[in-house]
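Here are my notes for your read-through. Please keep the coordinates open as you go.

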Amino acid sequence: FPSHDIVIEDEETDSVRYFIGHRRIFAPEFRSDFFLRQFPLLFGAVERGKVSVVGSPCALAYGMPDSSGVSEVAAALPVSRFVEVDTFSGLTISGGRRLRLQFLGNFDSISVAHGAMEDYMKLKRLTMIPPFIEEYITTVSTEPDTSKWLTVLTYYVQDLSKIEKKR
């Protein structure tokens, strides 16, 4: 996909993904602190729930931030099966059509990748099925150079023409 020189994979999958997480609504200035506090607690919950982590820490976002930057997001870990532990909720995402891209760079510039996804969805007449996933493959704990941080974005989508036919 030519937008922003970003490659978007458009694929069907029947794989089911499971997450355990904590969902909150908050302003952007609290986002980093929220994730820094939640991920250690989530790893403890996974241990108590006797499940395996099967990927990197994620943000599950239930839409784009509103005009003031407030958004609903879950700090989450992908796990091997459905589990709920203490105050942490389980989430299942079924297969279907998904868009994926790999973004290399600082989290502060990830809006470029989201813009590419939005452009692609408009071009292909798709709509997102929340939540979208930001999976943080590389972070400051594994790579000090922020230009080398890898984040995988996944949007589950459906064709707008199929929705319009159902009405």
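1. Start with helix α2. Its buried residues pack against β1, β6 (96-104), β7 and β8. Those buried residues are Ala113, His114, Gly115, Ala116, Met117, Tyr120 and Met121. Bear in mind that this is a predicted model.

2. The length of α2 checks out. The helix has 14 residues, and at 1.5 Å a residue these should span 20 Å. The end C-alpha atoms are 20 Å apart, so expectation and model agree. Just past the helix, Arg125 has a positive phi of about 55°.

3. Look at His114 within α2 (residues 111-124). Is His114 buried or exposed? Its relative accessible area is 8%. The cut-off for buried is under 20%, so His114 counts as buried. Setting aside neighbours within four places in sequence, His114 contacts Met64, Phe132, Glu134, Leu153 and Tyr155.

4. Now the sheet. Eight strands make up an open sheet, with antiparallel pairing. The order is β1-β6-β8-β7-β3-β4-β2-β5. At the edges sit β1 (9-13) and β5 (89-93), each paired on one side only. From one strand to the next, the twist averages 35°.

5. Helix α1 (residues 31-49) also packs on the sheet. It touches β2, β3 (58-61), β4 (71-79) and β7 (126-136). The direction of α1 makes about 30° with that of β4. Which residues of α1 are buried? They are Phe34, Phe35, Gln38, Phe39, Leu42, Ala45, Val46 and Gly49. The cover over them includes β2, β3 and β4.

6. The same length check works for α1. Its 19 residues should span 27 Å at 1.5 Å a residue. The end C-alpha atoms are 26 Å apart, which agrees. Lys50 follows α1 and has a positive phi, near 55°.

7. Strand β7 deserves a close look. Why call β7 largely enclosed? Eight of its 11 residues are buried, so the rest of the structure largely encloses it. β7 pairs with β3 in the antiparallel sense, over four bridges. In that pairing, Ala59 has Glu134 of β7 as its bridge partner. Glu134 is also among the contacts of His114.

8. On to the pairing of β7 with β8 (residues 150-159). Eight bridges join these two strands, which run antiparallel. One residue to find here is Met128, whose bridge partner in β8 is Val157.

9. Stay with Met128, which lies in β7. Its relative accessible area is 18%. With the cut-off for buried at under 20%, Met128 is therefore buried. Leaving out neighbours within four places in sequence, Met128 is in contact with Gly63, Met121, Tyr155, Tyr156 and Val157. Of these contacts, Met121 is one of the buried residues of α2. Tyr155 is also a contact of His114.

10. One distance is worth checking on screen. Met128 and Glu118 are 10 residues apart along the chain, and 9.1 Å separates their C-alpha atoms.

11. Last, the β5 side of the sheet. How many bridges join β2 (residues 17-26) to β5? Five do, and the two strands run antiparallel. As a landmark, Arg17 stands opposite Ile93 in β5.

Conventions:
Residues numbered from 1 in each chain as written. Predicted model: local features only at pLDDT ≥ 70, side-chain atom pairs only at ≥ 80, totals over all residues. Heavy atoms only, no water. Pairing = 2+ DSSP bridges. Axes fitted to C-alpha atoms, helices over the stretch in contact; angles between N-to-C directions. Contact = heavy atoms within 4.5 Å. Buried < 20%, exposed > 50% of the residue type's maximum accessible area, 1.4 Å probe, protein only. Expected span 1.5 Å × (residues − 1).
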